[in-house]
Amino acid sequence: MSLRSNDRQWGTVAKFFHWIIALAILGNGTFGLLMDLAHSPMQKINWLALHKSIGLTVLALVLLRVLWRWGDGRPREEPAPRWQQWAARLTHGVLYVLIVALPLSGWWFNSVSGKPLQWFKLFNLPALAEKNDALRDLVRDVHEYLFWFLLLVLVAHVGAALKHHVFDNDNVLRRMLPFGRLRNHTTPQGES
Ligand code: HEM
Ligand code: HEM
């Protein structure tokens, strides 16, 4: 396994970013939705602080991922109808936008609520905007609905990955899995 991606495989670093960000974003979104299960206001404050710190970590990981992807490239696309290749590019583009916008909207919500922001009690971060009661509910909805939208796009993303794996029997999912072993008989792009 190599750190960098090549023509056939995603590299270890790209796989690491993909799966750690997927887990963290889904886990943190679920955590956000379950916040009301807290037994006391103090517990809710602690949970929120954790939610925000994990979210900020996701934002930092996404920025590192984008930088890495820029210099790393990607494996060759598996043969597929042109519309499917465009659909995949569009879905990936939308997912990248969402994983940046989700934590940023949380940070924005925290700012218009006039709340302080710390990263794991280690250091403070500045507000992105002034406190604004009129915007508060709207920005909270933006933050929440971005997560629901991510889940919707994810249905298509995971559905496509499974379709490649089960029906096309190609390497699209295998080459993104942490210990995925490639099948040998892939046809170069353009041939059938
Ligand atoms: C929140 C969860 C997820 C997010 C945000 C996400 C995002 C992305 C993005 C942006 C890419 C494009 C990579 C690039 O071109 O740089 C990608 C690739 C990929 N994802 Fe996900 N993903 C998620 C979950 C999943 C899950 C659950 C699966 C599997 C069932 C999956 C399977 C794949 C595969 C197979 C590829 C590679 C596609 C290819 O080689 O063309 N993803 N993902
Ligand atoms: C991985 C990134 C993140 C995801 C997926 C996520 C998702 C969510 C979700 C689904 C909720 C529940 C919304 C509701 O029920 O109203 C929520 C709540 C919240 N999030 Fe995030 N969030 C993320 C990052 C952040 C960040 C970085 C911050 C702040 C810096 C933040 C601040 C908040 C706050 C303050 C709430 C509570 C809203 C309320 O008062 O009901 N989130 N988040």
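Trainee: What makes a residue count as buried, and how many of the 192 residues of the chain do so?

Mentor: In this predicted model, 30% of the 192 residues of the chain count as buried, a word reserved for under 20% relative accessible area, with exposed meaning over 50% and partly exposed what lies in between (1.4 Å probe, protein chains only). Local features need pLDDT of at least 70 and side-chain atom pairs count only at pLDDT 80 or more, whereas totals for chains, interfaces and linings use all residues; side-chain values use heavy atoms, leaving out hydrogens and water. Residues are numbered from 1 along each chain as its sequence is written, while chains are lettered from A and ligands numbered from 1 in the order in which they are written.

Trainee: Which residues are the closest to ligand 1?

Mentor: They are His18, Arg69, Arg74, Tyr96 and His157, out of 19 residues that surround ligand 1, each with a heavy atom within 4 Å of the molecule.

Trainee: Why is the pair formed by His157 and ligand 1 called a polar contact?

Mentor: A polar side-chain atom of His157 lies 2.7 Å from a nitrogen atom of ligand 1, and a polar contact is a pair of N or O atoms within 3.5 Å, so the pair qualifies. His18 has a polar side-chain atom 2.8 Å from a ligand nitrogen, and for Trp10 a side-chain N or O atom is 2.9 Å from an oxygen atom of ligand 1.

Trainee: Which helices supply at least two residues each of the shell around ligand 1?

Mentor: These are α1 (12-33), α2 (41-72), α3 (82-112) and α4 (133-168), helices being DSSP runs of H or I with at least four residues, and strands runs of E with at least two, numbered from the N terminus.

Key. Polar contact = N/O pair within 3.5 Å; in protein donor to acceptor, adjacent residues only side chain to side chain.
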